[in-house]
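I opened this notebook page to keep a record of what I looked up, one entry at a time.

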Amino acid sequence: MTAEENVALYRRWLDEIWTKGNYTVAPELLAEDLIDHTPMQGQPAGRAGDVWAAAQIRRAFPDMRFSIDVVFADDRYVTGRWTMTATNTGPFDVFGIPPTGRPVTMGGQEIFKVRDGRLAEVWHCEDTPSMLQQLHLGPPPAFVMKASARLSALQYRRAKS
C-alpha cells in the first residue's frame, strides 16, 4: 500500500471503530491475527482484542471524539498522534471505576505495521495517568505531593513553636 493509503486506513480505523463504534468494519481494517504489544488487562488477542478495547473505552466514554494531531506513513508503517475529548458517563470496567460524570482530554499515539492492506501490528501509548487525574481517580502530580509534604512539615514546626 502507498503511504497515502496507509494514512487513510489509520484515519478510518480511528473514526469508524474508536469514535463511532462501528465494529463491523474491523475485518476490513484489522488483520485477524493483529499483534498488540501493549494490550489492556483482560484484552483478547488479535482483531477481537482491538474491538474489545474500543468497546471497553466507548462504554466508559460514549461521547468520545478524536482529533488527529499528526499522522505519518510509508508503504509499511503508519503512525499517528491524537487527542481524545470525552465525558465519563459509563462504567470503566477495566479499572473497576463507576461513572464520574467528569470530562477528560487525553493524548495518545500508535505505530502500526500494515500487512495486506490491514493494520497488523501495533505499539501504542496513551496518557492514562492524566486521564485518571482528570477523573479525580489518580494520584496527584509529584510536585503537588512534595509541596503538600513541605507545607505539612512547616505547619507541624509552627504548631510545635
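The entries below go from the overall fold to the pocket, then to single residues and salt bridges.

**Entry 1, the chain as a whole.** I began by noting that this is a predicted model, and I keep that in mind for each value below. I found five helices and five strands in the protein chain, and when I read along the sequence they followed the pattern α-α-β-α-β-β-β-β-α-α. I then looked up burial and found that buried residues make up 36% of the 161 residues in the chain. For contacts between residues at least 6 apart in sequence, I noted that 57% join residues at least 24 apart.

**Entry 2, the largest pocket.** Which residues lie nearest the centre of the largest pocket? I found Trp18, Met40, Ile57, His124 and Glu126 in that place, out of a lining of 26 residues. The volume of this pocket came out at about 420 Å³. I sorted the lining by character and obtained 17 nonpolar, five polar and four charged residues. I also checked which elements supply at least two residues each to the lining, and these are helix H1 (3-19), helix H3 (46-60), strand E3 (77-87), strand E4, strand E5 (118-126) and helix H4 (128-134).

**Entry 3, two residues of strand E4.** I turned next to Gly108, which lies in strand E4, residues 103-115. Gly108 has a relative accessible area of 0%, so I entered it as buried. Leaving aside neighbours within four places in sequence, I listed Gly80, Arg81, Trp82, Cys125 and Glu126 as the residues in contact with Gly108. I also noted that Thr83, although 25 residues from Gly108 in sequence, is 6.6 Å from Gly108 in space, C-alpha to C-alpha.

Glu110 is also placed in strand E4, and here I wanted to know which side chain of opposite charge is nearest. The answer is Arg81, at 9.3 Å, and Glu110 is therefore entered as lacking a salt bridge, since the cut-off for one is 4 Å. I noted as well that Glu110 is buried. Not counting residues up to four places away in sequence, Glu110 touches Tyr10, Trp13, Val78, Thr79, Gly80, Trp82, Val122, Trp123 and His124.

**Entry 4, salt bridges.** How many salt bridges does the structure hold? I found six, and I went through several of them in turn.

I looked first at Arg12 and Glu28, which form a salt bridge with their closest N and O atoms 3.0 Å apart. This pair links distant parts of the chain, with Arg12 in helix H1 and Glu28 in helix H2 (residues 26-29), 16 residues apart. Arg12 is partly exposed, with a relative accessible area of 33%, and Glu28 is partly exposed as well, at 44%.

I then looked at Asp33 and Arg115, whose closest N and O atoms are 2.6 Å apart in another salt bridge. Because Asp33 lies in strand E1 (residues 30-36) and Arg115 in strand E4, I noted that this pair ties together parts that are 82 residues apart in sequence. The relative accessibility of Asp33 is 46%, so I counted it as partly exposed, and Arg115, at 37%, is partly exposed too.

The side chains of Arg59 and Asp93 also meet in a salt bridge, at 3.5 Å from N to O. Since Arg59 is in helix H3 and Asp93 is in the loop between E3 and E4, the pair ties together parts that are 34 residues apart in sequence. I entered Arg59 as partly exposed at 38% relative accessibility, and Asp93 as partly exposed at 45%.

To finish this entry, I noted that Asp15, Glu16 and Lys20 are linked in a network of salt bridges.

**Entry 5, a loop residue.** Is Asp74 buried or partly exposed? With a relative accessible area of 35%, Asp74 counts as partly exposed, and I located it in the loop between strand E2 (65-73) and strand E3. Leaving aside neighbours within four places in sequence, I found Asp74 in contact with Thr2, Ala3 and Asn6. I also looked up Val7, which is 67 residues from Asp74 along the chain, and noted that the C-alpha atoms of the two are separated by 8.7 Å.

Definitions and conventions. Residues are numbered from 1 along each chain as its sequence is written. This is a predicted model: local features need pLDDT of at least 70, side-chain atom pairs count only at pLDDT 80 or more; totals for chains, interfaces and linings use all residues. Side-chain values use heavy atoms; hydrogens and water are left out. Helices (H or I, at least four residues) and strands (E, at least two) are DSSP runs, numbered from the N terminus. Buried means under 20% relative accessible area, exposed over 50%, partly exposed in between (1.4 Å probe, protein chains only). Contact means heavy atoms within 4.5 Å. Lys and Arg count as positive and Asp and Glu as negative; His and the chain ends are not counted. On a 1 Å grid over the protein atoms alone, a cavity is a set of points where a 1.4 Å probe fits but cannot get out, and a pocket is an open set with protein on both sides within 12 Å along at least five of seven lines; lining residues have an atom within 4 Å of a point. Grid points are joined across faces, edges and corners, and a volume is the space filled by probe spheres set on the points. Ala, Val, Leu, Ile, Met, Phe, Trp, Tyr, Cys and Pro count as nonpolar, Asp, Glu, Lys and Arg as charged, and the others, Gly among them, as polar.
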